[in-house]
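Me: I'd like to understand this chain bit by bit. Can you talk me through it?

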Amino acid sequence: MTIVFLDALTLGDVDFDRFRKFGEVKIYQTTPADKTLERVKDADIVVTNKVVIDKEIMDNSNIKFIQIAATGMNNVDLEYAKKKGIPVKNVAGYSTKAVVQQTFALVLGFLNKVCYFDEYTRNEYPNSEIFTHIKNWFEIAGKRWGIIGLGTIGKEVAKIAEAFGAEVVYYSTSGKNNNSEYKRVELEELMKTSDIISIHAPLNENTKNLIKEKELMMMKDNAVIVNLGRGGIINEKDLAKTLEKKDILVGLDVFEKEPVEKDNLILKFKDKTLLSPHIAWTSIEARNKLMDGIYKNIEEFVKQSGN
């Protein structure tokens, strides 16, 4: 069998050699849209993270199995793959711990003023008259932490937030999630009363542009909001407008368009934002779990196909 990895660069330094057990392995670090068909037309198995596999690609190739190197599956036309009899697999749950950790990295970066104190210590502390430097920073204890999307990741964040001493409330984006451990509130209450808000929801018809200028303006002054779900849940144009006139702190690991565009207005608000380039899922442990899942799925397909 021939296995093609279309965007290996998104997986970093992981073990590709083990896949040679199944046959020929072709590894492309990135694949532009106009090169996709050329690279997959003779492949039996295609592994893609974000490269789109649509009807045209499937109709003009011999693909027998599509493996998505992620949890989200919106880059593959799943209905048409089913019609063509092409199995499509993803890997779920591999990055939970990593995303939770990055959630707290962003929140604590703000509350503990990590960047500010690092810069002060390097540039001004050597000339200080006293042993310390007072600048207000805040504890999580006693704060209300609002979670938008209380799924697997949201629940893990809730546990740790409680361990820090926060009161946890949540908003169900589907309207169907009733969790007896935490108080469920409507979005307006969550936005108005939370000191810290974290987003852990998928992007769908219920969540696209869920947080607009109206909701952002409801937030308390100096409240923190972090998005570890998907870009597009927070409307970025509205966010930029809000940052112009309100003192809130915003941590983003995801954006409406990725990579982020140079003219994205959010980039200019250095004192009010902490940004990371969609890396919450990329701890080495998470990527190794992802590769294990990909290997297992391909192994099962190969066995079932009798090769």
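Reply: Sure, one term to begin with: contact means heavy atoms within 4.5 Å. This is a predicted model, where local features need pLDDT of at least 70 and side-chain atom pairs count only at pLDDT 80 or more, while totals for chains, interfaces and linings use all residues. Residues are numbered from 1 along each chain as its sequence is written, and side-chain values use heavy atoms, with hydrogens and water left out.

Me: How many helices and strands are there in the chain?

Reply: We go by DSSP runs, numbered from the N terminus: helices are H or I runs of at least four residues, and strands are E runs of at least two. The C-alpha trace spans about 70 × 50 × 35 Å along its principal axes. Within that chain, the count is ten helices and twelve strands.

Me: What percentage of the 307 residues counts as buried?

Reply: Buried means under 20% relative accessible area, exposed means over 50%, and partly exposed is in between (1.4 Å probe, protein chains only). Going through the 307 residues of the chain with that cut-off, the buried share comes to 48%.

Me: Which strands stand at the edges of the five-strand sheet?

Reply: Two strands pair if DSSP finds at least two bridges between them. Five strands form an open sheet with parallel pairing, in the order S2-S1-S3-S4-S5. Each edge strand has a single partner strand, so one side of it has no neighbour in the sheet; the edges are S2 (24-27) and S5.

Me: Which residue in S5 stands opposite Ile-66?

Reply: Strand S4 (residues 65-68) has Phe-65 and Gln-67 pointing one way and Ile-66 and Ile-68 the other, and all are buried. S4 joins strand S3 (residues 45-48) through four bridges, with Thr-48 opposite Ile-68. S4 also pairs with strand S5 (residues 88-89) over two bridges in the parallel sense. There, the residue opposite Ile-66 is Val-88.

Me: What is the handedness of the β-α-β unit made by S4, H3 and S5?

Reply: Point the strands away from you and follow the path from the first strand over the helix to the second: if the path runs clockwise, the crossover is right-handed. The helix in this unit is H3 (residues 78-84), and the unit that S4, H3 and S5 make is right-handed.

Me: Which helix gives the most to the largest nonpolar core?

Reply: A nonpolar core is a set of buried Ala, Val, Leu, Ile, Met, Phe, Trp, Tyr and Cys residues joined through side-chain atoms within 4.5 Å. The largest one has 43 residues, and Phe-5, Phe-19, Ile-53, Ile-294 and Ile-298 touch the most other members. Among the elements that each supply at least two residues are S1 (2-5), H2 (55-59) and H10 (284-305). With eight residues, the biggest contribution is from H10.

Me: How far apart are the end C-alpha atoms of H10?

Reply: The expected span of a helix is 1.5 Å times one less than its number of residues. H10 has 22 residues, so it should span 32 Å, and the distance between its end C-alpha atoms agrees at 31 Å.

Me: Which helix is among the elements that cover the buried residues of H10?

Reply: The buried residues of H10 include Leu-290, Met-291, Ile-294 and Phe-301. The cover over the buried residues includes strands S1, S3, S4 and S5, and also helix H4 (96-111).

Me: How far is the backbone oxygen of Phe-269 from a polar atom of the Thr-273 side chain?

Reply: Thr-273 sits in strand S12 (residues 273-275) and is buried, because its relative accessible area is 9%. Leaving aside neighbours within four places in sequence, Thr-273 is in contact with Phe-110, Leu-243, Val-250 and Ile-266. From a polar atom of its side chain to the backbone oxygen of Phe-269, the distance is 2.6 Å.

Me: What is the relative accessible area of Asn-222?

Reply: Asn-222 is found in the loop between H8 and strand S10 (224-227). Its phi is near 70°, a positive value in a residue other than glycine. Asn-222 counts as exposed because its relative accessible area is 53%.

Me: Which residue is joined to Glu-258 by a cis peptide bond?

Reply: Look in the loop between strand S11 (249-252) and S12, where Pro-259 is found. Omega is about 0° for this bond, and the partner of Glu-258 is Pro-259.

Technical notes
A polar contact is a pair of N or O atoms within 3.5 Å; within protein, one must be able to donate a hydrogen and the other to accept it, and residues adjacent in sequence count only if both atoms are side-chain atoms.
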